[in-house]
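Biologist: Please give me a close look at one loop glycine. Then show me how its surroundings fit into the whole model.

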Amino acid sequence: MKPYLRDKIPVGFEEIPDAPAYEAGYLVTKNAGWRNKRPVINSQKCVGCLRCYMYCPDGVIYKKDGKVDIDYDFCKGCEICRKVCKIGAIEMEAEK
Ligand code: SF4
Ligand code: SF4
């Protein structure tokens, strides 16, 4: 189960699911059609701190190869992940 920030419980990387967790909105249909910018993770910079995972309101960030990845089918492009990444490993790119 996805841990919540309000619980203030330390979360280890091994506890993070390998697939997106849609708990925030229980999303069942793709909802990214209206997104005009998408977050892109620079895997060279990412240190796998999971801060973006904890703050993503839609639960579409998941761990991958010791870092994180994003399920673009459900990411709405809110940019919160970019704002909370302290080392600037996430940049927004325009949708084409
Ligand atoms: S907040 Fe930044 S450094 Fe931390 S896991 Fe996310 S992308 Fe990587
Ligand atoms: S842009 Fe918003 S919905 Fe998409 S991964 Fe980042 S925080 Fe989650």
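Modeller: The answer starts with the glycine and then moves outward.

This is a predicted model, in which local features need pLDDT of at least 70 and side-chain atom pairs count only at pLDDT 80 or more, while totals for chains, interfaces and linings use all residues. Residues are numbered from 1 along each chain as its sequence is written, chains are lettered from A and ligands numbered from 1 in the order in which they are written, and side-chain values use heavy atoms, with hydrogens and water left out.

Find glycine 77 in the loop between β3 (67-70) and α2 (80-84). Helices and strands here are DSSP runs, numbered from the N terminus: H or I of at least four residues for a helix, E of at least two for a strand. Glycine 77 has a relative accessible area of 18%, so it counts as buried. The cut-offs are under 20% for buried and over 50% for exposed, with partly exposed in between (1.4 Å probe, protein chains only).

What does glycine 77 touch, beyond its neighbours within four places in sequence? Its contacts are Arg35, Lys37 and Met92. Contact means heavy atoms within 4.5 Å. Take lysine 37. It is 40 residues from glycine 77 in sequence, but their C-alpha atoms are 5.6 Å apart.

Such long-range links show up in the totals too. Take the contacts in the protein between residues at least 6 apart in sequence: 74% of them join residues at least 24 apart.

Now move to strand β4 (residues 90-94), where glutamate 91 has its place. Glutamate 91 counts as exposed because its relative accessible area is 51%. Not counting residues up to four places away in sequence, it touches Arg38, Pro39, Val40 and Arg82. Asparagine 42 is 49 residues from glutamate 91 in sequence, and 7.8 Å from it, C-alpha to C-alpha.

Arginine 38 has a second partner. Its charged end sits over the ring of tyrosine 72, 4.1 Å from the ring centre. The rule asks for NZ of Lys or CZ of Arg within 6 Å of the ring centre and within 35 degrees of the ring normal.

Next, the backbone. Most residues other than glycine have a negative phi. Leucine 50 has a positive one, near 75 degrees. Leucine 50 lies in the loop between β1 (37-41) and α1 (51-55). At 6% relative accessibility, it counts as buried. Aspartate 65 also has a positive phi, near 55 degrees. Its loop runs between β2 (61-64) and β3. Aspartate 65 is exposed, at 74%.

Leucine 50 leads on to the ligands. It is among the residues around ligand 1, along with Cys46, Cys49, Cys52 and Cys85. A residue is near a molecule if one of its heavy atoms lies within 4 Å of it. That shell divides into 10 nonpolar residues, one polar and one charged. Ala, Val, Leu, Ile, Met, Phe, Trp, Tyr, Cys and Pro count as nonpolar, Asp, Glu, Lys and Arg as charged, and the others, Gly among them, as polar. Around ligand 2 there are 13 residues, and the closest are Cys56, Cys75, Cys78, Glu79 and Cys81. Their shell has 10 nonpolar, one polar and two charged residues.

Last, step back. The protein has two helices and four strands. From the N terminus the order is β-α-β-β-α-β. Of its 96 residues, 39% count as buried.
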